[in-house]
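Welcome! Below you will find a set of short exercises, each with a worked solution. Have a look at the structure first, then try each task before reading on.

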Amino acid sequence: MAIFWKHLKSSSPLLQRLKRHVTGGHCLLSRSFTTLEGHRPTIVHKRSLDILHDPWFNKGTAFSMTERDRLDLRGLLPPNVVSSEVQIERFMVDLKRLEVQARDGPSDPNALAKWRILNRLHDRNETMYYKVLIANIEEYAPIVYTPTVGLVCQNYSGLFRRPRGMYFSAEDRGEMMSMVYNWPADQVDMIVVTDGSRILGLGDLGVQGIGIAIGKLDLYVAAAGINPQRVLPVMIDVGTNNTKLLEDPLYLGLQQHRLDGDDYLAVIDEFMEAVFTRWPNVIVQFEDFQSKWAFKLLQRYRTTYRMFNDDVQGTAGVAIAGLLGAVRAQGRPMIDFPKQKIVVAGAGSAGIGVLNAARKTMARMLGNNEVAFQSAKSQFWVVDAKGLITEGRENIDPDALPFARNLKELDRQGLREGASLAEVVKQVKPDVLLGLSAVGGLFSKEVLEALKGSTSTRPAIFAMSNPTKNAECTPEEAFSILGDNMIFASGSPFSNVDLGNGHIGHCNQGNNMYLFPGIGLGTLLSGSRIVSDGMLQAAAERLAAYMSEEEVLKGVIFPSISRIRDITLEVAAAVIEEAVEEDLAEGYHEMDARELRRLSPDEIKDYVKNNMWNPEYPTLVYRHE
Ligand SMILES: NC(=O)C1=CN([C@@H]2O[C@H](COP(=O)(O)OP(=O)(O)OC[C@H]3O[C@@H](n4cnc5c(N)ncnc54)[C@H](O)[C@@H]3O)[C@@H](O)[C@H]2O)C=CC1
Ligand SMILES: CC(=O)C(=O)O
Ligand SMILES: [Mg+2]
């Protein structure tokens, strides 16, 4: 905090420079700031978001806590109250940073500038914003979503202009039930919530993680046609353990270490109770929570609330669809999936989610009994930061335990506890190498060379970590070593690779964006009170079936993002069918449960389509209250 106050001083060199620049040496800025203090109050006839969107009265993050309470602003701004001097300092730092970021950007040097332009449009005119996004989804998904959204989150304190979404902080304990009414919409269909603890592969970004909730909801609107007036991005700020942010005077979040244990749970419990009290039909998508909490929260809420965890469950479904595609791409039937040898690098929320789902899918194919379930686990080798996970691992993570390899059997394979990824690939000769490690370049030359020994007729590489710089390898690296007889998918988009022999190495994007919008939309329209395993499985299978035999044989295992609205419609329809099948569907608006049960698969698709919002200007009429 000492550093923070130091930066409030008007002696800040940046502010001094700014004053000289604006006034030609006279202290106009500091005069107008100091005289503000003694002014009589201004009467306003607005509250809440109306005031934040009014350039005459808006003070942004400088609204004091008492003003926030007086004007129903609590929760509509990041929790850190800052002075006007710091606001200007942050703006100037950001302005200067643009040149640097332009060089630093991921694959598109203008990505951040494009994001700013789109964001300004988003603030001005939502209909136009979504029209632009939907019509150009292939070009702008990498701007509003991965990879650029990662850069945006990293720089969010500087990029912050107008608030979007709600902030619930550790300081708001006891207040959430009333704060939730500060949000202006009476109907909210989708909430994407994060605590900022693991944003993509970028680690703990604290309050700045709100950017990922905003980006995911952009896809809900663009792909699933959820009405943008009914989405709510949420940041739960329980502090951050990111030292750089804790020391940054311009940081917008609570400058304290993360809450943990029961204190942490109490905040999340209070948030869930508050949002489901105001909006009983809302669906809450948990996003980018560190693994430590991702599984616990999922278990805690999944049978009582309409919620799911995108990183655990959405990613698992996309990976299953991709893995089944990789089997078909070998010219084999999907039922051969249980014979695949799969090496997974990364045993966090995403990796474990994929492993559990893949094991269950194999078990179902092998007879859906306990013997099948036990035998399926022998198809997986899991490597984390400490190397190959075995039963000999000390303090093994309970979520990884079911996949720990038996030491005696490993000995026969020439492997041991902690064996390196390259050793594992060399010995196992897997069909699939799948990365959810957040370690860029993990699939090194040595690892890729080892994969050349794969016993598969067409090995597959899934470098699923985000954003771009965290991908385990690039498609160029993979194709240059393994040749074109291989399947490649990455979490963030890459271009196809020209192999120089008249062949093109196809780069698939294996990202949960192909599932979460349809899971949310299908759950909403079915009226199911929970998101069941069966609904998630149905979503994954529909995505897998979406690709034709011809496409798959060409190595195209995921559709192009330009088809995302159509895929989402299919996925949502599959989720509804399964909810009906499991007797979970309670209906939505005029479509009651009985009528929903009577619909044919084609009628379900029509029902989904008719409920998707399209960005068209409505006719407006003014009337006195
Ligand atoms: N493509 C997609 O749709 C999705 C991608 N992801 C990505 O997956 C990555 C991981 O996410 P989480 O599982 O939540 O993170 P996490 O931090 O919980 O897990 C990372 C795992 O990687 C392991 N690891 C670290 N260094 C390693 C190394 N050198 N070799 C092997 N393993 C290593 C860690 O021990 C840990 O088990 C992130 O980059 C995220 O962006 C996550 C969800 C969806
Ligand atoms: C895609 C996604 O959810 C992630 O990288 O965390
Ligand atoms: Mg995520």
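The model you see is predicted.

**Exercise 1. Which polar side-chain atoms lie 3.0 Å from an oxygen atom of ligand 2, and which residues surround this ligand?**

Solution.
- Step 1: Start at Asn512, where a polar side-chain atom is 3.0 Å from an oxygen atom of ligand 2.
- Step 2: How much of the ligand is covered by the protein? Ligand 2 on its own exposes 210 Å², and the protein buries 91% of that.
- Step 3: Look for further contacts. Glu287 also places a polar side-chain atom 3.0 Å from an oxygen atom of ligand 2. For Lys216, a side-chain N or O atom and an oxygen atom of ligand 2 are 2.9 Å apart.
- Step 4: Collect the surroundings. Ligand 2 has around it Tyr145, Arg198, Leu200, Lys216, Glu287, Asp288, Asp310, Asp311, Asn466, Asn511 and Asn512.
- Step 5: Sort this shell by class, and you get 2 nonpolar, 3 polar and 6 charged residues.

**Exercise 2. Find the residues that coordinate the magnesium ion (ligand 3), and say where they sit along the chain.**

Solution.
- Step 1: The donors come from Glu287 (OE), Asp288 (OD) and Asp311 (OD), at 2.0 to 2.1 Å from the magnesium ion.
- Step 2: Along the chain, these donors of the magnesium ion are spaced as E-D-x22-D.
- Step 3: Glu287 belongs to the loop between β4 (283-286) and α16 (291-301), whereas Asp311 is in helix α17 (residues 310-329); the two are 24 residues apart, so the pair links distant parts of the chain.
- Step 4: Are the two residues buried or exposed? Glu287 has a relative accessible area of 1% and Asp311 has 6%; because buried means under 20%, both count as buried.
- Step 5: Connect this with the previous exercise: Glu287, Asp288 and Asp311 are among the residues around ligand 2 as well.

**Exercise 3. Describe the surroundings of ligand 1.**

Solution.
- Step 1: How many residues surround ligand 1? There are 26, and the closest are Arg198, Ser291, Ala347, Ser349 and Asn512.
- Step 2: Check the side-chain contacts. A side-chain N or O atom of Ser291 is 2.3 Å from an oxygen atom of ligand 1, and for the side chain of Arg198 the value is 2.7 Å.
- Step 3: Asn512 takes part through its backbone, with an N or O atom 2.8 Å from an oxygen atom of ligand 1.
- Step 4: By itself ligand 1 exposes 870 Å², of which the protein buries 84%.
- Step 5: The elements α17, α18 (349-365) and β7 (380-384) each give at least two residues to the shell.
- Step 6: Divide the shell by class to find 10 nonpolar, 13 polar and 3 charged residues.

**Exercise 4. Is strand β3 (residues 231-237) mostly covered or uncovered, and which strands pair with β3?**

Solution.
- Step 1: β3 is mostly covered, with 7 of its 7 residues buried.
- Step 2: Follow the directions of the side chains. Val231, Pro233, Met235 and Asp237 point one way, while Leu232, Val234 and Ile236 point the other way, and all are buried.
- Step 3: Strand β1 (residues 166-169) runs parallel to β3 and is joined to β3 by 4 bridges. Here Met166 has Val234 as its bridge partner.
- Step 4: Strand β2 (residues 190-194) is also parallel to β3, with 5 bridges. In this pairing Leu232 of β3 stands opposite Ile191.

**Exercise 5. Trace the open sheet of 7 strands and find its edges.**

Solution.
- Step 1: The strand order is β8-β7-β6-β9-β10-β11-β14, and the pairing is mixed.
- Step 2: β8 (387-388) and β14 (507-509) are at the edges; each has a single partner strand, so one side of each has no neighbour in the sheet.
- Step 3: Within the sheet, β6 (residues 342-345) and β9 (residues 432-435) are parallel and share 4 bridges. Val343 is paired with Leu433 of β9.

**Exercise 6. Where is Ser48, and which backbone oxygen does its side chain reach?**

Solution.
- Step 1: Ser48 is in helix α4 (residues 48-52).
- Step 2: With a relative accessible area of 14%, Ser48 is buried.
- Step 3: Its side chain reaches the backbone oxygen of Asn182 at 3.1 Å.

Technical notes: Residues are numbered from 1 along each chain as its sequence is written. Chains are lettered from A and ligands numbered from 1 in the order in which they are written. This is a predicted model: local features need pLDDT of at least 70, side-chain atom pairs count only at pLDDT 80 or more; totals for chains, interfaces and linings use all residues. Side-chain values use heavy atoms; hydrogens and water are left out. Donors are N, O and S atoms within 2.8 Å of the metal (3.2 Å for Na, K and Ca); water is not among the atoms, so sites may look incomplete. Buried means under 20% relative accessible area, exposed over 50%, partly exposed in between (1.4 Å probe, protein chains only). A residue is near a molecule or strand if one of its heavy atoms lies within 4 Å of it. A polar contact is a pair of N or O atoms within 3.5 Å; within protein, one must be able to donate a hydrogen and the other to accept it, and residues adjacent in sequence count only if both atoms are side-chain atoms. Accessible areas come from the Shrake-Rupley method with a 1.4 Å probe; for residues, only the protein chains shown count as cover. Ala, Val, Leu, Ile, Met, Phe, Trp, Tyr, Cys and Pro count as nonpolar, Asp, Glu, Lys and Arg as charged, and the others, Gly among them, as polar. Two strands pair if DSSP finds at least two bridges between them.
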